Structures are given as structure tokens and as C-alpha cells.
Amino acid sequence: MTIKEIKDNYYFENLSDKHDLSDFDCGDKDLNDFLKNDALAQQNARLNVTKLIMCDGNIIGFTSLLTDGIMIKKIRNEKVKLEIKEKLNINSNKKSISAVKIGRLAIDKKYARKGLSSHILNNILKNLKDISEKEVEFRFILIMQEYHDLFLGRG
């Protein structure tokens, strides 16, 4: 399976107990451990949802999504803070703004460093934008920096 074939054919599937995760290895012990030992329990507790990135029956990677919020008072950049308050018509610094967080991103080492991860990240962001516009509104998408860097091969 070539990277082009994966880019053209991958899809997202909710993690379930039917998935065999034993061969998955993204090269990061914490991410591997999360997927194999914690993700399903957290998903069942409705703390997050883990989406496997699948192609031709193979697990290419995964992402974990969860709800979050941004407190206006925690934004350090005053210009950004003012812009957000004006755009969203917010008067209080104590207001929390809804967000979704990409808490974890990982791609199996077999598929890493071939341009696939940025393609997948862009697709995730596009899908989240569509969800926000059509299904459930949130104002921001947050990405945990440490996982973002690993996913894009900078870690």
C-alpha cells in the first residue's frame, strides 16, 4: 500500500474492543500506552472519542478528541483577547468559550515521515470545521503542542 493509496482511501473509525492494537507503534511510549490501555475506557466514560485512521484494514494512526474551553482572562495577548471579545460580543473576561481539543495524534512508524500526517491533520481540521458549522458549535480547535510536534515529525 503506497502513501498515495492511503491518502486517497483512509477513513476514520471509532475505536472499539474489536480492534487489534497490538502491532500499533508510533514510536512514542506514552501515545502507544494511551491507545492500548486507556483510550477505550476513557471513550466509554465519554471523556473523549478516539478515532482510528484506517486503510485497507490497517491502523494507520489515531486521534483523540475532547471538549474544552478557553477562558478569556487566560489569553495573554491583549490584542487577541480584545479581538475575540469584539467578534463574539463578549463583555466579561470570565467567559469561557467552547472548543474542541485534538488531545492526541499519532501515526504508526511504518507510515511516518512520508507527508501523510499533514494530510491527515488537514482532513481532521476540515471535518471539525464542518461539524462546528452543521452539528455542534464550538469556536476554537485546540491542538496539544507536544502531540502536534510528534505527529508532524518534529518531536
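The legends below describe a predicted model of one chain, first as a whole and then in close-up views.

Residues are numbered from 1 along each chain as its sequence is written. In this predicted model, local features need pLDDT of at least 70 and side-chain atom pairs count only at pLDDT 80 or more, while totals for chains, interfaces and linings use all residues; side-chain values use heavy atoms, with hydrogens and water left out.

**Figure 1. The whole chain has 5 helices and 5 strands.**
Helices (H or I, at least four residues) and strands (E, at least two) are DSSP runs, numbered from the N terminus. Read from the N terminus, the order of elements is α-β-α-β-β-α-β-α-β-α. Along the principal axes, the C-alpha atoms fill a box of roughly 50 × 35 × 30 Å. Of the 155 residues in the chain, 38% are buried. Here buried means under 20% relative accessible area, exposed means over 50%, and partly exposed lies in between (1.4 Å probe, protein chains only). A contact means heavy atoms within 4.5 Å. Among contacts between residues at least 6 apart in sequence, 68% join residues at least 24 apart.

**Figure 2. Helix 2 covers residues 29-44 and has a kink.**
Helix 2 has 16 residues, and the distance from its first C-alpha to its last is 22 Å. That is close to the expected 22 Å at 1.5 Å a residue, where the expected span is 1.5 Å times one less than the number of residues. The kink is about 55° and is centred on Asp38; the bend at a residue is the angle between axes fitted to the seven residues ending there and the seven starting there. At the N-terminal end, Asp28 caps helix 2, with a side-chain oxygen 3.1 Å from the backbone nitrogen of Asp30. Just after helix 2, Arg46 takes a positive phi of about 60°. The buried residues of helix 2 are Leu31, Asn32, Phe34, Leu35, Ala39 and Gln43.

**Figure 3. Asn32, in helix 2, reaches the backbone of Cys26.**
Is Asn32 buried or exposed? Asn32 has a relative accessible area of 11%, so the residue counts as buried. Its side chain lies 3.0 Å from the backbone nitrogen of Cys26. This is a polar contact, meaning a pair of N or O atoms within 3.5 Å; within protein, one must be able to donate a hydrogen and the other to accept it, and residues adjacent in sequence count only if both atoms are side-chain atoms. Leaving aside neighbours within four places in sequence, Asn32 is in contact with Phe24, Asp25, Cys26 and Gly27.

**Figure 4. Leu40, also in helix 2, is partly exposed.**
The relative accessibility of Leu40 is 26%. Apart from neighbours within four places in sequence, Leu40 is in contact with Leu15, Ser16 and Asp17. The C-alpha atoms of Leu40 and Asn14 are 9.6 Å apart, although these residues are separated by 26 residues along the chain.

**Figure 5. Cys26 and Cys55 are not joined by a disulfide.**
A disulfide is a covalent bond between the sulfur atoms of two cysteines. It is counted here as a pair of cysteine sulfur atoms within 2.5 Å, and the count comes to 0. For Cys26, the nearest cysteine sulfur is that of Cys55, 19 Å away. Why is Cys55 without a bond to Cys26? The 19 Å between the sulfur atoms is too far for a bond. Cys26 is buried at 16% relative accessibility, and Cys55 is buried at 4%.

**Figure 6. The structure holds 3 aromatic pairs.**
Rings of Phe, Tyr and Trp (its six-membered ring) pair if their centres lie within 6.5 Å; planes under 30 degrees apart count as stacked, over 60 as edge-to-face and the rest as tilted. Tyr10 and Phe12 form an edge-to-face pair, because their ring centres are 5.8 Å apart and their planes are at 85°. Tyr10 is buried at 10% relative accessible area, whereas Phe12 is partly exposed at 26%.

**Figure 7. Phe34 and Phe62 form a stacked aromatic pair.**
The ring centres of Phe34 and Phe62 are 6.2 Å apart, with 25° between the planes. Phe34 lies in helix 2 and Phe62 in strand 3 (residues 58-71), so the pair ties together parts 28 residues apart in sequence. Phe34 is buried at 2% relative accessible area, and Phe62 is buried at 0%. Together with Phe24, these two residues form one aromatic cluster.
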